[in-house]
Amino acid sequence: MTAIIVTDRRAVLTSVAAIGAALLLPRSFTSALAQSSAGSAFSPTETMPGGSNNYVPNAPVVQNLGTGFVASGVVRRAGDGAPLSNLRIQIWAATDRGGERVPSNRGSVMTGPDGAYRLEISPIVPQFGQPHIHIAYDDPGFTTLFLRPVLNSRHDTSLTADFVLAPAASNEPRRS
């Protein structure tokens, strides 16, 4: 059987232009999923500029920070990609309840045996012009990491941010 491929020149040019534009955008304007999976699958994820804004160490472990938006992902170890369990992941954002500094918009969750974390929070609102969320790891064992994924729209209801942590001994903490 022979496959017949019909090439639409306009579709090809549009696709190439979109890919080129996406590669030229600063990381803060690319999708959250793309931001969190840069590099090879098990290379350490890089700290993002602006990721540590309004960070407060040791945010309490919470069940949720409201409802309407879900932040989730999987945390893996650099090198072998093994899921990392029992790690404290801090999440904060400006929501319809207030800005990033409002204590009820900040909390930590623990990763499960599969390295997964999940936190439901109130709907995200733009702060500094962009709807975004902050995700951090800042405990001993692995290198500090701050992520600042930008949402596609303030109407998004979820975000997945998978990331890879490097052992703490391999380099110094990286803060943005």
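Let me begin with one pair of residues: Trp 92 stands opposite Arg 106 in strand 3. Strands here, like helices, are DSSP runs numbered from the N terminus, with at least two residues (E) for a strand and at least four (H or I) for a helix.

Before I continue, a word on the source. This is a predicted model, in which local features need pLDDT of at least 70 and side-chain atom pairs count only at pLDDT 80 or more, while totals for chains, interfaces and linings use all residues. Residues are numbered from 1 along each chain as its sequence is written, and side-chain values use heavy atoms, with hydrogens and water left out.

Now to strand 2, residues 88–92. Strand 2 runs antiparallel to strand 3, and 5 bridges join them; two strands are said to pair if DSSP finds at least two bridges between them. Strand 2 also pairs with strand 5 (residues 134–137), again in the antiparallel sense, over 3 bridges. Within that pairing, Ile 91 has Ile 135 as its bridge partner.

How many residues of strand 2 are buried? The count is 5 of its 5, where buried means under 20% relative accessible area, exposed over 50%, and partly exposed in between, using a 1.4 Å probe and protein chains only. Arg 88, Gln 90 and Trp 92 point one way, whereas Ile 89 and Ile 91 point the other.

Ile 89 and Ile 91, together with Tyr 117, Ile 135, Phe 163 and Leu 165, touch the most other members of the largest nonpolar core, which has 27 residues. Strand 1, strand 2, strand 4, strand 5, strand 6 (145–147) and strand 8 each give two or more residues to this core. A nonpolar core is a set of buried Ala, Val, Leu, Ile, Met, Phe, Trp, Tyr and Cys residues joined through side-chain atoms within 4.5 Å.

Strand 1 (residues 69–77) pairs with strand 4 (residues 116–121) in the antiparallel sense over 6 bridges, and Ala 71 has Leu 119 as its bridge partner there. Its pairing with strand 7 (residues 158–160) is parallel, over 3 bridges, with Val 70 opposite Ser 158. Strand 1 is also parallel to strand 8 (residues 163–165), over 3 bridges, and Val 75 is partnered by Phe 163.

I close with Thr 95, in the loop between strand 2 and strand 3. Why does Thr 95 count as buried? Its relative accessibility is 5%. Beyond its neighbours within four places in sequence, Thr 95 is in contact (heavy atoms within 4.5 Å) with Asn 105, Ser 122, Pro 123, Ile 124 and Val 125.
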